[in-house]
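Let's take a walk through this structure together. Keep the 3D view open and turn it as you read.

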There are 2 protein chains.
Amino acid sequence: MNNLNICIAGLGNVGSELIKSIEENSLYFEAKSSIKINIVGITAKDKNKKRDFDINNYNWFDNPKDMVLLDNCDVLVELIGQEKGISYELIELALNNKKHVVTGNKALIANHGKNLFQIAEKNSLALCFEAAVAGGIPIIKTIKNDINLNKINKISGILNGTTNYILTKMDEDNLSFDSVLKIAKEKGFTSDQESKLDIGGYDAAHKLTILSTLAFGSVLNFENNHIEGISNIKIEDIHYAKKLGYKIKLISETSIIDDQILNVTGPKLLDEMNPLANVGNALNAVNVETDHLETLFLEGQGAGGKPTASSVLSDLYDISQNLTFNNLGFKIKNLIEYKKFSPENILNRYYLRIMTEDKPGVLSSITNLFSKTGISVEKILQLPEKVNSNLPIPIIITTHNIQNEILTKVIKKLEKLEFVKERIILLPIHNNS
Amino acid sequence: MNNLNICIAGLGNVGSELIKSIEENSLYFEAKSSIKINIVGITAKDKNKKRDFDINNYNWFDNPKDMVLLDNCDVLVELIGQEKGISYELIELALNNKKHVVTGNKALIANHGKNLFQIAEKNSLALCFEAAVAGGIPIIKTIKNDINLNKINKISGILNGTTNYILTKMDEDNLSFDSVLKIAKEKGFTSDQESKLDIGGYDAAHKLTILSTLAFGSVLNFENNHIEGISNIKIEDIHYAKKLGYKIKLISETSIIDDQILNVTGPKLLDEMNPLANVGNALNAVNVETDHLETLFLEGQGAGGKPTASSVLSDLYDISQNLTFNNLGFKIKNLIEYKKFSPENILNRYYLRIMTEDKPGVLSSITNLFSKTGISVEKILQLPEKVNSNLPIPIIITTHNIQNEILTKVIKKLEKLEFVKERIILLPIHNNS
């Protein structure tokens, strides 16, 4: 029997589901894989909070540091989730005292992981974080182990469930961003505090930072991200995109271009045939393109107690099976400090919505300006929805590939024209490759 | 540096791509993961066949058994692909002589794997077969390692690329089964010999046999499968299914019901919202449902030299990283001889197409018979496509869940009625769970 003594810091949704799962499945783990997971300590902020397991069955620690230093603790499971603070201190303490660590803490790994992985490697310890990216989808192990010898070209994903829920719901129920956000908060999908990280794209960017390290061996660096959230997405653009055969999703994408790293999280139009376009509700998904695989697409539950606990268990299984640990799929000394690819050089197809006066000559002025600056128009959609001819009408344009810098300059020029009545809406179109 | 000396038997598409990939990426493998893969021997049926790598760079063996017995061979990569014969002999020889084995041979594993895994376990050797199921998708390692501690409830998948290509093409181009099969053969997707295994559902059932062992620890036993192919699928049914919001796909599904194993491969109707419904062309996909994960969906290239070589590389990486090998995710002694779930007890929703005379009273006769036998009708579709009233017209019925045996009996009764003019078409509808 392979005995694994774990202590758990943080008993929210994930921590509680983990304990319940170990209680329920302990005999199954032993019979199937000869693993016995013993919970030798638990701790959380509030001992008296109502929980759906009995804390009296476990060794409770008021001071989490005492728990980590327990002689018989093999693994610290960190589920507090602070970006630094006590979460960082506990993980550092564990690694310095020869304990493995399992965490679901994406913000901590993305922002402050560098030093921790160094300690782990020096001490030949596991620092596992399957639960940090895409909930129950085992994307970390897929990249790190299962396709380790593939050269990755690009990873694109839907890495935040709340924003995907909001965009799906806006589309399906014809609701504005604000009304759906309200519903999401009422349903407990996101709190005021979380929703800033979710909606602003930061949570997805934390996860993308981790994926870009696994994919390209780039030093963990959150500063490498270009981030845009979804709070400016209008229901009209979801409608117009649909008429053109697209859906709008918050896409996180990492690739290496000219030896520079390009990590972008932002709303994008996706062809309805792209599997990412059909990822509904709060699901997450990741598409990996490699030298051997045109597409490897994984979809599943990106959050929630049970799915995330599954990823913690996956890490515990991994620790029980191995004697050496290659936490990032690359040795620390092989990690590369990539230069950040400059946003103005990004090449993309684009969707534009230009609200103009409804008068002759407007469209030709716009297309002339485009052709003069080398912007190649793919499609123009002028919609016959005149109700009141005093109101501005939308002109929807999609372009072929164009450098962001050139397009941005043209947009600035356009916005100064007297017949352009609102800020122009600009969204990139995802290239199916 | 971790040196892995491999010898390769079989130099078709996959074997050739494997060699080219090792040639091209050898420095990358060393730099990234400190692995050096040395090809110490190659063999194939025909030495003189034109290949896109230079066989003179390698140690060629006319007798593959001599190659396997090489002192410095650590791993046999078996890519000949015979269901038994020389493939089996070589693998057995390798395992008995303390060599690890990597194979992509699904038919061999499904039919004759039992004995080979016993030898591998006895000798603490790896017998890896990532390439045997779903080409480049690392589904074996996902189930065996990444979600090892999950209890699997059900696996459903599209496991054969050729049949998925045929069904996609019939749907998109409005062609009959026979015309698309002809195209598939012309394009080299399938040969006369292969196409029997593909179209008959046997190839998918081989793969399902392997997945059911990984999922439930069932003893490898091809006899457990219920198999139906796609050669009876008519373009009309693809059209009618679409009108009802379904696509027709060849689905392989494994689950345990009442302690009995139910492995079914056959054409099914899938709700268009189900990710499996949108798996196009020759892609493969697998959906896993567990106690922790409502859905874990993987999609990718199910065949082809490069994707399949990726899975072989994945196994070689695994062998290089481990000292012990849990080839099936279960110890051999823990494998269970499940009883086969009887087909007549299968509970499903169903689609029926009944070709009848176009005269009053027909529909009510049918629905009366249904209600008398406890079959609950979900929808009826009567199509106004009378061109010639002498020709039979289709009545399309979908049912709620009903035991196969009861429905089959009713169908036999119906087929005896004088107004029913053709064999009734019966297809199960996939339950989204």
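Which residue of chain A comes closest to the rotation axis? Among the residues of chain A, A:Leu298 does, with its C-alpha at 2.3 Å from the axis. Before going on, please note that this is a predicted model, in which local features need pLDDT of at least 70 and side-chain atom pairs count only at pLDDT 80 or more, while totals for chains, interfaces and linings use all residues. Residues are numbered from 1 along each chain as its sequence is written, and chains are lettered from A and ligands numbered from 1 in the order in which they are written.

Now for the axis itself. A turn of 180° with a shift of 0.0 Å along the axis lays chain A on chain B with an RMSD of 0.0 Å (superposed by least squares on the C-alpha atoms of residues with pLDDT of at least 70 in both copies). This is how a two-fold axis relates its copies.

Next, look at where the chains meet. Here 40 residues of chain A are in contact with 40 residues of chain B (contact means C-beta atoms, placed from the backbone, within 7 Å). On the side of chain A that touches chain B, the elements giving two or more residues are α1 (13-33), α5 (139-146), β11 (296-301) and α11 of chain A (helices are DSSP runs of H or I with at least four residues, strands runs of E with at least two, numbered from the N terminus). The copies meet through the same surface, because 100% of the interface residues of chain A are also interface residues in chain B.

One of these elements deserves a closer look. β11(A) is joined by five bridges to strand β11 (residues 296-301) of chain B, and the two run antiparallel (strands pair if DSSP finds at least two bridges between them). Within this pairing, A:Leu296 stands opposite B:Gly300 in β11(B).

Turn now to chain B, where five strands form an open sheet in the order β2-β1-β3-β4-β5, with parallel pairing. β2 (35-43) and β5 (127-128) of chain B stand at the edges with a single partner strand each, so one side of each is left without a neighbour in the sheet. Further in, strand β1 (residues 2-9) and strand β3 (residues 75-78) of chain B pair in the parallel sense over four bridges, and B:Ala9 stands opposite B:Glu78 in β3(B).

Finally, back in chain A, A:Leu323 is found in the loop between α11 (305-321) and β12 (339-340). A:Leu323 counts as exposed because it has 8 C-beta neighbours inside 10 Å (exposed means 12 or fewer other C-beta atoms within 10 Å, buried 20 or more, and partly exposed in between, with C-beta atoms placed from the backbone).

Terms used
Contact = placed C-beta atoms within 7 Å.
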